[in-house]
Amino acid sequence: MAKRRVLKSERGVTLTEDVLFGGEPRRKIDIAYTVKSKRRPEGKTFDNKAAATKYYKVQVSFSPPD
């Protein structure tokens, strides 16, 4: 089970945070950050928010303006 939250979205590039839960009662297992864009629709996943944010900014810079 996971909880997904959109952190940033600009020019067709989206940065999401996935909090992964497991067990009874629900316990937080891990946090994953995913960057999806029109150029890479399958997305790229990171364990570190700083690395994901840096990749997000690069993808936004490559994307054409809306």
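What share of the 66 residues of the protein chain counts as buried? In this predicted model, the figure comes out at 32%. The fold itself is quick to list: four strands and one helix. Starting at the N terminus, the order is β-β-β-β-α, so the chain runs through its strands and then reaches the helix. Along the principal axes, the C-alpha atoms of the protein chain fit in a box of roughly 45 × 20 × 15 Å.

How do distant parts of the sequence figure in the contacts? Among contacts in the protein chain with a separation of 6 or more, 26% involve residues 24 or more positions apart. As for the surface, about 4,800 Å² of the protein chain is exposed, and carbon and sulfur atoms make up 52% of that area. Charge is part of the picture too: the protein chain carries 16 positive side chains and 8 negative ones. The centres of these two sets sit 4 Å apart.

Zooming in on one residue, aspartate 18 is found in strand S2, which covers residues 13–22. Is aspartate 18 buried or exposed? Its relative accessible area is 8%, and the cut-off for buried is under 20%, so aspartate 18 counts as buried. Its side chain also has a partner, with a polar contact of 2.7 Å linking aspartate 18 to the side chain of arginine 4. Leaving aside residues up to four places away in sequence, aspartate 18 touches Lys3, Arg4, Asp30, Ile31, Ala32 and Thr34. Arg4 therefore turns up twice around this buried aspartate, once in the list of touching residues and once as the polar partner.

Methods. Residues are numbered from 1 along each chain as its sequence is written. This is a predicted model: local features need pLDDT of at least 70, side-chain atom pairs count only at pLDDT 80 or more; totals for chains, interfaces and linings use all residues. Side-chain values use heavy atoms; hydrogens and water are left out. Helices (H or I, at least four residues) and strands (E, at least two) are DSSP runs, numbered from the N terminus. Buried means under 20% relative accessible area, exposed over 50%, partly exposed in between (1.4 Å probe, protein chains only). Contact means heavy atoms within 4.5 Å. Accessible areas come from the Shrake-Rupley method with a 1.4 Å probe; for residues, only the protein chains shown count as cover. Lys and Arg count as positive and Asp and Glu as negative; His and the chain ends are not counted. The place of a charge is taken as NZ of Lys, CZ of Arg, CG of Asp or CD of Glu. A polar contact is a pair of N or O atoms within 3.5 Å; within protein, one must be able to donate a hydrogen and the other to accept it, and residues adjacent in sequence count only if both atoms are side-chain atoms.
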